[in-house]
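Work through the exercises below with the sequence and the coordinates open. Try each task before reading its solution.

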Amino acid sequence: MNSPLAISNFSVVTSLGAGRTQTLAALREGRSALAPCRFDAVPFPAYAGEIAELNNMPLEGQFAAFDCRNNRLAALALRNDGFADTVEAARLSYGSARVGVMLGTSTAGLQQTEMAYRNRDPETGQLPTGFDYARTHNSYSLARFVRLACNLSGPAFVVSTACAATAKVFASAMRMIDAGVCDAAVVGGVDTLCATTLYGFHALGLIAEGPCRPFDVERSGISIGEGAGFFLLERPTAHHGPESVFLLGFGESSDAYHMSSPHPEGIGARLAMEQALAMADLDPAAIDYINLHGTATPVGDAAEDRAVSDLFGVRTACSSTKGFAGHTLGASGAVEAAFCALSIEHGLLPGSPHTRTIDPTFRSAYVQETRSARVDRVVSNSFGFGGANCSLVLGHAA
Amino acid sequence: MIRVYIEGVGLYGPGLDGWVESVPVLLGRREYVATPVRLQPAPLLPANERRRAVETVRLALAVGADAFAASGRDPAATATVFASSGGDGETIHHILSVLASSNRELSPTRFHNSVHNAPAGYWGIATGSRAASSSLCCHDDSFAAGLLEAAVQASSGWQPVLLIAYDVQYPAPLSQVRPIGASFAVGLLLVPEPSGAAFVRLDLDLLPGSQASDFDLPGLEDLRRNTPAARSLPLLVALAKNEAASFSLNYLDDIVLKLSTIPVPNGAPATAGAFGSKAS
């Protein structure tokens with residue numbers, strides 16, 4: 001079951017820049033885009049990966065009702081990297097009803113409702129007129145917007161499993177294509193800054209005062225970022241050659257432990273990685289790089305280091321790329337799958353900006369400085385609240 | 001076409017106090033009275049979690065536990081798909097109210113309960129399940145989307161999959177922009193092949209079009225129209241009747257999900273290791 005799917009194109013937008021070229025340059029140079037957080041005038045010290053141009057690019061015309069920070073970022077990602085053209089080619093090739101849209105988000109356009117609550121009628125408590133819940137706040141608004149923008153009529157839904165959401169959509173698409181429900185799928189997703197996540201993670205004591213420092217002995221929490229990643233997945237065709245990157249497998253598990261804290265021994269994380277390798281029919285030794293979830297929380301990084309070193313040993317190169325553009329939460333699975341695809345295409349192991357001294361109790365082979373290397377196959381980890389885990393295997397065909 | 005078999009059903013809604021209790025209503029043999037949802041405290045949760053569990057979690061765990069009752073299967077080894085049109089309105093209302101006030105200090109528990117997959121997280125903790133779990137949203141069409149995803153996981157992954165679809169009413173002022181008729185939840189335990197507990201075969205097809213089949217249980221029509229998870233009612237009626245049926249549910253503006261049910265002889269011997277033969 002679940003034969004490999006080709007990634008025919010992908011697009012990525014974070015605070016590092018819009019599109020693959022700017023993203024690759026930042027990864028190569030080890031350049032972080034994290035900056036002191038000015039979003040929503042938060043009163044506590046924090047860093048964030050903000051995409052400033054979202055503040056001034058309203059959606060217009062037939063998409064005006066969808067206007068919110070999340071869908072603006074979706075629009076920006078669709079028009080970068082020739083992604084919309086690739087989707088259009090798939091639509092013409094397979095028919096619009098045969099191209100699915102499976103996207104993930106945790107925030108959707110929640111910020112729109114935050115603003116509506118601040119503008120309630122002081123007498124009646126009513127929300128301002130013109131606020132469109134379905135097209136902004138509701139999680140499905142993202143897939144609805146993308147499906148409309150790409151003129152698609154295949155199966156669609158949004159997966160919202162916190163920070164594992166945009167990894168799990170790759171699994172959904174692989175199953176849907178395997179089952180013949182569609183022939184190609186737009187997967188990935190978008191998450192954007194909002195007060196709920198900033199104040200919420202702060203309430204949990206999980207936001208670092210400075211830029212996040214994954215795997216550092218002095219790590220103290222996350223820096224929130226915003227980001228989008230879109231991929232077009234389809235069965236391999238004559239267009240896909242040895243240089244193409246494929247989705248080779250996925251693994252999904254649950255921690256069954258705690259709502260906001262990972263299993264300390266990384267049991268769920270290990271299960272997800274094992275299943276992903278089994279589906280890809282690869283031994284751990286066949287993996288050249290692991291893109292860690294590595295959010296820079298004290299507990300999370302320790303659990304993941306344990307899971308990774310138990311399964312892969314202490315030689316497989318790994319790093320968290322959260323120091324580049326922050327933790328893009330619901331988008332992190334897709335954003336980091338894009339970083340992985342760039343690593344494979346351009347032969348590099350991304351480093352870890354802001355990480356100075358690796359926790360001496362950790363055993364995995366953590367990459368601090370970006371370096372060149374042949375990268376054929378990678379594992380990308382995404383773990384979320386509620387104990388939702390997903391690992392993907394991406395790489396060249398065997 | 002996707003083919004699965006159903007081993008168990010869970011159902012709670014207004015006037016629908018469990019699947020077995022609800023069958024006479026779904027058959028039209030007992031008058032439907034929309035009494036408020038009556039839920040036992042979440043049966044699977046430890047005592048401290050049980051007391052403070054929010055409504056979405058209590059609904060989801062109740063239908064999930066009931067769906068397993070007839071199967072004899074282990075929830076801890078079963079993948080899950082959760083589907084909700086928007087999740088926990090009470091929690092999000094509380095967060096948004098705090099954020100709109102002068103003192104923006106959120107409760108950490110409220111914040112982690114605000115994720116769309118909160119019921120999935122509590123289900124995992126309650127059952128000890130480390131199996132795969134997804135949580136979907138498709139606005140009004142979340143039941144159809146969840147059923148499609150669960151059926152594809154069961155047939156493509158050759159494994160049992162529990163679907164839990166639920167919705168709750170939102171407090172004002174969210175109810176002004178998102179009116180939901182009632183609290184409602186349905187659980188369906190799907191398996192990829194006939195088994196001892198499977199009582200019906202379910203075939204699914206996606207077809208272009210926007211016209212779902214008419215639904216002719218007048219007492220329940222308001223519930224079906226006003227509560228996204230209750231769009232499952234035509235399927236639940238077919239399961240209650242336990243006879244062959246074919247009908248379409250709305251799924252997105254331009255697709256319908258065609259469902260066909262055929263009863264299968266109950267009590268066929270379960271094949272030993274049936275789900276180990278092609279494990280995902």
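The exercises cover one helix, one strand and the contact between two chains.

This is a predicted model: local features need pLDDT of at least 70, side-chain atom pairs count only at pLDDT 80 or more, and totals for chains, interfaces and linings use all residues. Residues are numbered from 1 along each chain as its sequence is written, while chains are lettered from A and ligands numbered from 1 in the order in which they are written.

**Exercise 1. Compare the span of helix α3 of chain A with the expected span.**

Step 1. Helices (H or I, at least four residues) and strands (E, at least two) are DSSP runs, numbered from the N terminus. Helix α3(A) covers residues 83-94, which is twelve residues.
Step 2. The expected span is 1.5 Å times one less than the number of residues. For α3(A) that gives 16 Å.
Step 3. From first C-alpha to last, the model has 17 Å, close to the expected value.
Step 4. Look just past the end: A:Gly95 follows α3(A), with a positive phi near 95°.

**Exercise 2. Find which residues of α3(A) are buried, and say why they line one face.**

Step 1. Count other C-beta atoms, placed from the backbone, within 10 Å of a residue's own: 20 or more is buried, 12 or fewer exposed, and in between partly exposed.
Step 2. The buried residues are A:Phe83, A:Ala84, A:Thr86, A:Val87, A:Ala90 and A:Arg91.
Step 3. Down the helix axis, they fall within an arc of 160° (taken from the directions from the axis to the C-beta atoms), so they line one face of α3(A).
Step 4. The face turned away from the buried side carries exposed A:Asp85 and A:Leu92.
Step 5. The cover over the buried residues includes β1 (5-14), α2 (69-78) and β9 (227-234) of chain A.

**Exercise 3. Trace the pairing of β6(A) with chain B.**

Step 1. Two strands pair if DSSP finds at least two bridges between them. Two bridges join β6(A) to β4 (residues 133-137) of chain B, antiparallel.
Step 2. A:Val158 has B:Cys137 as its bridge partner. A:Val159 stands opposite B:Leu136.
Step 3. Within chain A, β5(A) and β6(A) pair in the parallel sense over four bridges. There A:Leu103 partners A:Val158.

**Exercise 4. How many residues of chain A are in contact with chain B?**

Step 1. Contact means C-beta atoms, placed from the backbone, within 7 Å.
Step 2. 53 residues of chain A meet 52 of chain B.

Definitions and conventions. Two residues are in contact if their C-beta atoms, placed from the backbone, lie within 7 Å.
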